[in-house]
Amino acid sequence: MTDIIQLLPDHVANQIAAGEVVQRPASVVKELLENAIDARATNIKLIVKNAGKTLIQVIDNGNGMSVTDARLSFERHATSKIRNAEDLFNLRTKGFRGEALASIAAISHVELKTKQKQDDIGVQIKIEGSEVVSQEVIVTPKGTSVAVKNLFFNIPARRNFLKSNPVETRHIIDEFHRIALAHPNINFSMYHNGSDMFNLLVSNHRQRIVNIFGGKTNEKLVPVEENTEVLKISGFVGKPEFAKKTRGEQFFFVNNRFIKSAYLNHAINSAFEGILREGTHASYFLYLDVNPKTIDINIHPTKTEIKFDDEHTLYALLRSAVKHSLGQFNIAPVLDFNRDGNMDTPYGFKNKEAINPNVEVDSDFNPFRDEKVSGGLSTSQKKESVANWEGLYVGLESKSNVSSKDFTEVQFESDELTSKMFDEESTEKAQKTFQLHNKYIVNTIKSGMLVINQHRAHQRVLYEVFLQYITVKESVSQQLLFPLNLEFSNSEIVILQSLKVQLEQTGFVFSKLEDSKAELTGVPVSVSEANVSLVLEQLINDVENEVPDSNFSPTDLLAKSLAKSLAIKTGQRLSIEEQEHLVNRLFACKEPNISPTNKQTFVTMTVDDLDKKFM
Ligand code: ADP
Ligand code: MG
């Protein structure tokens, strides 16, 4: 008997959580990979073209299907994995709904090739929008290959609704990661547009995590182990000092299935309480083994949510296991009350040598020159003053060697306006600005005063400069004496690759960007060598955060991210000259009143407002 697929009787089919299985290319990837695992494959290959919009193919060396099963597999509620309603509560397979292949075949062109071990020849079936267009015998190795082409070809609205290629690719990689992390005992490889992205050989959990997230991950992992009657926990949590600003690396697996659970996530967070820096998230890779009878997977069509019989016990066990591990590895906090967060050295700088800020001040510089002679100022003078400004500011260590050329394209539309806005009378060399709490710049204007948020204001200035660089495609890069080698995970490299063109326009020069490595021979003048890694990591974080956003513009995102990384921070003391430069530059911007993330950069308070307060 080699035919194993059956149509589920109606009363069972009706109990299956209804809903759409295929939302985007990544959903197809998930379903096909799961089918290969259920077929006991030891080798699984994923091939993707054009972010899955053109092709998603999964080739496995699993059990294969008989000719009858191959045909039946595309029927709705056709499955070899459950027979009756009770089976729904004792699931040991990834699939059970018998709906994936039917749903996929309804909205794409599918080519299935499959052969069982004992057969000499296999079968190939082609289906277009649920219609079988051909069925042939073919010579094919043991196992199954499912190729899904032209997803949503018959639902243009859905196709148009797909996100940009980097975003859809990101989703695919996420699904691939989740499945590969759950099954280190299987070889997985992934190819995108002809180049290989992952080649994960059989290994253990730790090695699999490292293979996916890069060599530097290894030192960050703290093992977690707990064995009780109801639950077995194994896996790792990330050391708190490596916690990231994004929630990226958080994985729960229950019986080797990736699941999302806000409740269990809370358990981990509470175990980390007091040890994480504000705004960072613990990373974790936790594998829970429970009796399948104590969970319900049939609550969501994509099978990523689970109902546990006894969630509270699970919560408590998880929390204490993680706490215990953190304690064992001596990373629970030394209690330190009333600590001033501002005094903390960022973890990234911990073991680095202090760099003396190299601020160059042009003693001849007259901050009011622009305003006084505006109109009469020659363009070359104008360029020079701008260049000086940048020299003082950006990253605080560029050598004022910004060639004036880079700024020729920058237009100061609001120059005219600016000079009128500021109080003409006070343009004698009197102190016109004042820094408040190393955070705000207070500036007197004709009608009263401005209170400027220094960090946001500088972000706005840099954002417009970088946008200009990227769109005008003219920037200066400083050649590095020695190439700078940085290590990233493969998926991080993919993100950088997707932004390579724009990065190069801002002045980054990559001599290599593949195989977990980035080699740079040049960086923008405004970025110091020591900062490159931080800037790129921030950028990757920002792209990852951007995923759910529909209007992903790489150019805009890059400019925003660089501006955010390089802008002077709250808490940084500024000299009077620096304050004045910043104010002048802010009001030379096209949109001075908001930061690149749409937050207010300054507030005004008029003399009238003040008068009212004294009434
Ligand atoms: P489910 O996985 O929920 O059973 P699917 O629609 O994904 O439903 O698949 C239907 C059936 O087709 C499966 O139950 C299985 O018997 C068979 N099948 C699908 N993919 C494969 C594969 N890669 N190898 C062997 N059999 C497969
Ligand atoms: Mg399936």
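Here are some short exercises, each with a worked solution, on the predicted model shown above.

**Exercise 1. Describe the protein chain as a whole: its helices and strands, its buried share and its contacts.**

Start with the secondary structure: the protein chain holds 19 helices and 24 strands. Next, look at how much is covered: of the 615 residues, 51% are buried. Then turn to the surface, where the accessible area of the protein chain is about 29,700 Å² and carbon and sulfur atoms own 49% of that. Finally, consider who touches whom: among contacts with a separation of 6 or more, 71% join residues 24 or more positions apart.

**Exercise 2. Find the residues that come nearest to ligand 1, and work out what kinds of residue make up its shell.**

Step one is to list the neighbours. There are 19 residues around ligand 1, and the nearest are Asn35, Thr79, Ser80, Lys81 and Gly98. Step two is to sort the shell by type: seven residues are nonpolar, eight are polar and four are charged. Step three is to ask which elements contribute. Both β4 (78–79) and α4 (100–106) provide at least two residues of this shell.

**Exercise 3. Which backbone atoms lie close to oxygen atoms of ligand 1, and how much of ligand 1 does the protein cover?**

Take the backbone partners one at a time. For Gly98, a polar backbone atom is 2.7 Å from an oxygen atom of ligand 1. For Leu101, the corresponding distance from a polar backbone atom to a ligand oxygen is 2.9 Å. For Arg97, a backbone N or O atom lies 3.0 Å from an oxygen atom of ligand 1. Now for the cover: on its own, ligand 1 has 530 Å² of accessible area, and the protein covers 95% of it.

**Exercise 4. Check the spans of helices α2 and α17 against expectation, and say which of their residues are buried.**

Begin with α2, which runs over residues 25–38. Its 14 residues reach 20 Å from the first C-alpha to the last, close to the 20 Å expected at 1.5 Å a residue. As for cover, 13 of the 14 residues of α2 are buried. Just beyond the helix, α2 is followed by Arg40, which has a positive phi near 60°.

Now do the same for α17, residues 554–566. This helix has 13 residues and spans 18 Å between its end C-alpha atoms, close to the expected 18 Å. Its buried residues include Leu557, Leu558, Leu562 and Leu566. Ala559, Ser561, Ala563 and Ser565 of α17 are buried too.

**Exercise 5. Explain why Asn187 and His192 count as buried, and name what their side chains reach.**

Place them both: Asn187 lies in strand β9 (residues 187–192), and His192 is in strand β9 as well. The cut-off needed here is that buried means under 20% relative accessible area. Asn187 counts as buried because its relative accessibility is 19%. His192 counts as buried because its value is 12%.

Next, follow the side chains. That of Asn187 reaches the backbone nitrogen of Val202 at 2.8 Å. Beyond its close sequence neighbours, Asn187 is in contact with residues including Thr42, Asn43, Leu200 and Arg208. In His192, a polar side-chain atom lies 3.1 Å from the backbone nitrogen of Ala51. The contacts of His192 also include Val48, Thr169 and Met197.

**Exercise 6. Compare Ala51 and Asn598: where are they, what is their phi, and is each buried or exposed?**

Ala51 sits in the loop between β2 (43–49) and β3 (55–60). Its phi is positive, about 55°, although Ala51 is not a glycine. With a relative accessible area of 0%, Ala51 is buried.

Asn598 belongs to the loop between α18 (576–587) and β24 (602–606). Its phi is positive, near 65°, and this residue is not a glycine either. A relative accessible area of 61% makes Asn598 exposed.

**Exercise 7. Locate Lys599 and trace what it touches.**

Lys599 lies in the loop between α18 and β24. At 43% relative accessible area, Lys599 is partly exposed. Not counting residues up to four places away in sequence, Lys599 touches Arg456, Asn593 and Ile594. Lastly, Lys599 and Arg460 are 139 residues apart in sequence, yet their C-alpha atoms are 10.0 Å apart.

Note on methods: Residues numbered from 1 in each chain as written. Chains lettered and ligands numbered in written order. Predicted model: local features only at pLDDT ≥ 70, side-chain atom pairs only at ≥ 80, totals over all residues. Heavy atoms only, no water. Near = heavy atom within 4 Å. Polar contact = N/O pair within 3.5 Å; in protein donor to acceptor, adjacent residues only side chain to side chain. Areas by Shrake-Rupley, 256 points an atom, 1.4 Å probe, with all protein chains shown as cover. Helix = DSSP H or I, 4+ residues; strand = E, 2+ residues; numbered from the N terminus. Nonpolar A, V, L, I, M, F, W, Y, C, P; charged D, E, K, R; others polar. Expected span 1.5 Å × (residues − 1). Buried < 20%, exposed > 50% of the residue type's maximum accessible area, 1.4 Å probe, protein only. Contact = heavy atoms within 4.5 Å.
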